[in-house]
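Subject: Structure for you to look at

Hello,

I am passing on the structure we spoke about. The sequence and the model come first, and my notes on what was found follow.

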Amino acid sequence: MKTKSIQSIKGTQDILPSEVHFWQEMERKIFEEMALFGFSEIRTPAFENTDLFSRSVGEQTDIVSKEMYTFEDRSGGNLTLKPEATASVVRAFIQHNLDKINTLTRLFYIDALFRRERPQKGRYRQFHQFGAELFGSEHPEADIEIISLASSIFKSIGIDEITLKINTIGSKSARDNYKIELKRFLKPQFNKLSEASRERFEKNPLRILDTKNSQEQEILLNAPQIFEYLSEDDKAHFSEVKMHLKGLNINFEIDPYLVRGLDYYNRTIFEFISNEIGSQNAICGGGRYDSLVSQLGGSDTPSIGFAAGMERILLATSNKERAENIDCYIVCMGNKAQDWVLKCANRLRSMKFSVCFDLLKRSLKSQMKEANRLNAKHAIIIGENEIKDNKFQVKDLDTGKQQEVAFEHIIKYFKNL
Ligand code: HAM
């Protein structure tokens with residue numbers, strides 16, 4: 001009886017060779033754009049002390065209260081697989097005194113994150129984000145740098161059909177006042193709220209604004225809006241953000257119902273939404289978190305950042321697969337030719353040409369088929385006769401042109417390409 005095979009864990013995905021090219025291409029563009037904006041890469045560990053996330057993302061958030069992969073270390077510590085990267089980057093920023101190196105710190109990451117959500121299209125338990133965090137400036141221009149960095153990366157990846165939604169949620173005290181008013185407004189309608197919203201009513205009432213339930217959305221049309229509770233400084237900050245976005249021709253919509261699922265934000269928050277990927281339509285989310293660094297033990301450092309979900313970007317991008325592609329396939333016939341094939345392959349590889357050859361001693365016909373499957377640009381045919389006469393066939397598989405070349409000239413042939 002065949003042994004039962006082991007399957008991957010629900011909500012995790014293998015990235016197979018047929019799609020890994022897309023990931024590599026996306027990563028290349030991310031590196032390129034991040035460098036253009038002066039951001040340096042940071043890599044943080046896959047797990048952290050659980051406290052880091054409860055103190056930053058917030059005890060009452062879905063992420064911390066329901067979705068974290070938390071486990072006890074053998075020595076008793078409480079650890080969590082990173083559900084998001086901002087908290088880790090802030091921890092590293094404080095731990096390594098990065099603020100002492102520069103007044104402004106621009107960091108980016110590409111990382112795997114873990115959340116125990118209900119898996120569906122665009123929502124996974126292990127997923128990947130790229131993101132950027134800008135530490136040290138409270139000015140609206142920093143918000144613009146972050147939003148235009150995200151926007152440039154999406155453009156360079158080829159995602160056009162997205163909408164930028166922005167909102168401002170002011171300071172904690174403004175939000176606390178607003179929460180009281182929102183609850184006062186919602187209380188008489190409590191029975192009409194969904195179970196999820198009733199649960200949020202006490203713990204995190206702002207998240208009710210985020211509802212996808214149309215009956216609740218209708219109720220909320222008459223709800224007080226947070227903007228009315230903001231200070232004049234908060235309002236002026238937001239006006240400047242909008243002014244600069246217009247100046248840069250970055251289209252946006254103001255969404256007074258936009259709230260984010262993490263507690264560390266203040267003032268500007270934003271999301272990029274795609275209409276083409278189903279219900280999990282947020283490609284990217286971010287915002288200002290001016291108190292987080294001090295809250296986690298660092299000095300007062302106004303900051304802003306974003307993170308984008310790479311699986312969702314993949315869903316929003318057509319043309320995901322790219323066929324394999326090599327420079328040369330060596331067709332080999334007869335045992336005596338093997339040594340020549342190995343030599344020839346390594347010489348060409350040392351010149352940075354990609355080379356494959358048969359390892360199954362298959363027929364000439366099957367080897368030519370394999371060369372085509374690999375989209376080889378050239379084929380070299382090495383058989384016992386070719387070795388005896390020192391005349392090898394080099395075929396350009398795009399044009400079909402074939403040439404007889406002496407072994408020592410094969411290298412020259414490739415050099416002249
Ligand atoms: P977030 O909104 O939780 O923000 O996640 C950012 C993006 O990650 C989402 O817009 C989505 O594209 C992707 N994402 C989140 N959860 C999943 C999932 N389960 N499966 C697939 N993709 C997912 C943050 O993580 C903040 N740290 C962003 C930030 C950085 N704010 C400031 N700096």
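A polar contact here is a pair of N or O atoms within 3.5 Å. By that cut-off, T86 makes one with the ligand: a polar atom of its side chain is 2.8 Å from a ligand nitrogen atom. Please keep in mind that this is a predicted model.

The ligand site

Two further side chains belong with T86. In R260, an N or O atom of the side chain lies 2.9 Å from an oxygen atom of the ligand. In Y264, a polar side-chain atom is 3.0 Å from a nitrogen atom of the ligand. The ligand on its own exposes 660 Å², and the protein buries 96% of that area.

There are 26 residues around the ligand, of which E84, T86, E117, Y265 and A282 come nearest. Three elements give two or more residues to this shell: β6 (126-135), β10 (282-288) and β11 (303-309). The largest share is that of β10, with five residues. Sorted by class, the shell holds 12 nonpolar residues, seven polar ones and seven charged ones.

The second largest pocket

What is the volume of the second largest pocket? The computed value is about 530 Å³. Its lining has 28 residues, and K172, R175, D263, Y264 and Y265 are the closest to the centre of the pocket. Two of these names have already come up: Y264 has the polar side-chain atom 3.0 Å from a ligand nitrogen, and Y265 is among the residues that come nearest to the ligand.

The elements that each supply at least two residues of this lining are α2 (50-58), α7 (172-186) and β9 (266-274). By class, the lining of the second largest pocket divides into 12 charged, nine polar and seven nonpolar residues.

The protein as a whole

The protein contains 16 helices and 16 strands. Along the principal axes, its C-alpha atoms fill a box of roughly 95 × 60 × 45 Å. The radius of gyration is 28 Å, whereas a compact globule of 417 residues would have one near 22 Å.

If you open the model yourself, the side chains of T86, R260 and Y264 are where these notes on the ligand begin.

Regards

Note on methods. Residues numbered from 1 in each chain as written. Predicted model: local features only at pLDDT ≥ 70, side-chain atom pairs only at ≥ 80, totals over all residues. Heavy atoms only, no water. Near = heavy atom within 4 Å. Polar contact = N/O pair within 3.5 Å; in protein donor to acceptor, adjacent residues only side chain to side chain. Areas by Shrake-Rupley, 256 points an atom, 1.4 Å probe, with all protein chains shown as cover. Helix = DSSP H or I, 4+ residues; strand = E, 2+ residues; numbered from the N terminus. Nonpolar A, V, L, I, M, F, W, Y, C, P; charged D, E, K, R; others polar. 1 Å grid on protein atoms, 1.4 Å probe; cavity = no way out; pocket = protein on both sides within 12 Å on 5 of 7 lines; lining within 4 Å. Points joined across faces, edges and corners; volume = space filled by probe spheres on them. Rg over C-alpha atoms; globule rule 2.2 N^0.38 Å.
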